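Subject: Structure handover

Hello,

Here is the structure for you to look over. My notes come after it.

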Amino acid sequence: MALSIQSLLILFTTLLLKETLVVAETCSNCFTHSRAAYYPNSDEQGTDVGACGFGSFGATINGGDVSAVSDLYRNGVGCGACYQVRCTNSNYCSDKGVTVVITDQGSSHDTDFILSQRAFGGMAQTKDAAASLLALGVVDIEYRRVSCSYPNKNITIKIDENSNYPHYFAFVLWYQQGDKDITAVQLCETQNFVCKLLDRSHGAVWTTNSPPSGPLSLRMLLSGEDGDESWIIPVNNIPENWKGGETYDTGVQINV
């Protein structure tokens, strides 16, 4: 009888452990509770001087549904990530909420998100409810990481206007789909395949004071929350005589 009880205890412990592991595996889809405010002095869209370095693109991407974050900024690694954010007041808030792209860093009133006014109102059920949310200023929310989606768009390289050929090279990457982070970038000569690891200057801005010569190719390291890593190599090269302010289509996108 004692052996039977012991066997039952072992079976129960095994089942409990399996259930715990399943919960842990699926918790990437779990919502986290927090608070959100909005840019009080902005128009409906975001700011064009965000800490991620996207410029005016950072105000209009995703239709202006963008946000500043505090801890989720992660020293710039979080720039470009997408989150589903929904407020929790059932009188005003929809179940779906809004999907925002991270373009800035900031916090206010113990918040994790400072949304554009458009995104803040987008959490509401109706226009009248959106006005009520905006009047509140700060609301309780829940959020989770989701995949970014940019149909018919490839990852695009935007050369910073301050870049100075051939001495200083800086750029940001636009339209990255999926739910992984770009954690490293290499700039390679296409003729001899010599590569140089770039520095993250700030936000999403990658730089080097001594760029390789000739036509150039990028290698981007994608890292997931599960520890999975993979290098993405664009189809198209950066031309030899690249110019500050120009954009170049990489010809590749991340399948989601």
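Below are the findings on cavities, a pocket, sheets and a salt bridge.

Please keep in mind that this is a predicted model.

**Cavities**

The structure has 2 cavities of 30 Å³ or more. The largest has a volume of about 250 Å³. Its lining is made up of 25 residues. Nearest the centre of the largest cavity are Phe 54, Cys 79, Gly 80, Leu 173 and Gln 176. Three strands supply at least two lining residues each: S4 (98–105), S8 (169–174) and S9 (181–189). The class split of this lining is 15 nonpolar, 6 polar and 4 charged residues.

Where does the largest cavity lie with respect to domain 1 and domain 2? It lies between them, because domain 1 (32–145) and domain 2 (155–252) both give residues to its lining.

The second largest cavity holds about 30 Å³ of space. Its lining consists of Ile 157, Leu 216, Leu 218, Asn 236, Asn 237, Ile 238, Tyr 248, Asp 249 and Thr 250. Strand S13 (216–223) and strand S15 (247–249) supply at least two of the lining residues each. By class, the lining of the second largest cavity has 5 nonpolar, 3 polar and 1 charged residues.

**Second largest pocket**

This pocket has a volume of about 170 Å³. It is lined by 11 residues. Leu 72, Tyr 83, Tyr 143, Arg 145 and Glu 225 are the closest to its centre. Strand S6 (residues 139–146) gives the largest share of the lining, with 3 residues. The lining of the second largest pocket has 4 nonpolar, 2 polar and 5 charged residues.

**Five-stranded sheet**

An open sheet of 5 strands runs in the order S11-S12-S8-S7-S15. The pairing is antiparallel. Strand S11 (199–202) and S15 stand at the edges. Each has a single partner strand, so one side of each is left without a neighbour in the sheet. Neighbouring strands of this sheet are turned by 35 degrees against each other on average, direction ignored.

Inside this sheet, S7 (residues 156–159) and S8 run antiparallel and are joined by 4 bridges. Which residue in S8 is the bridge partner of Ile 159? That partner is Phe 171. Strand S8 also supplies at least two residues of the lining of the largest cavity. S15 does likewise for the second largest cavity.

**Four-stranded sheet**

Another open sheet has 4 strands, in the order S10-S9-S13-S14. The pairing here is antiparallel. S10 (195–197) and S14 (229–232) are the edge strands. One side of each has no neighbour in the sheet, because each has a single partner strand. The twist averages 25 degrees from one strand to the next.

S13 and S14 run antiparallel and are joined by 4 bridges. Met 220 has Ile 232 in S14 as its bridge partner. Two strands of this sheet recur in the cavity linings. S9 contributes at least two residues to the largest cavity, and S13 at least two to the second largest.

**Salt bridges**

The structure holds 7 salt bridges. One of them pairs Asp 181 with Arg 74. The closest N and O atoms of this pair are 2.9 Å apart. Asp 181 lies in strand S9, and Arg 74 lies in the loop between strand S2 (66–69) and strand S3 (82–87). The pair therefore ties together parts that are 107 residues apart in sequence.

Best wishes

Notes. Residues numbered from 1 in each chain as written. Predicted model: local features only at pLDDT ≥ 70, side-chain atom pairs only at ≥ 80, totals over all residues. Heavy atoms only, no water. 1 Å grid on protein atoms, 1.4 Å probe; cavity = no way out; pocket = protein on both sides within 12 Å on 5 of 7 lines; lining within 4 Å. Points joined across faces, edges and corners; volume = space filled by probe spheres on them. Nonpolar A, V, L, I, M, F, W, Y, C, P; charged D, E, K, R; others polar. Domains from an automatic or database assignment. Pairing = 2+ DSSP bridges. Axes fitted to C-alpha atoms, helices over the stretch in contact; angles between N-to-C directions. Salt bridge = Lys/Arg side-chain N within 4 Å of Asp/Glu carboxyl O.
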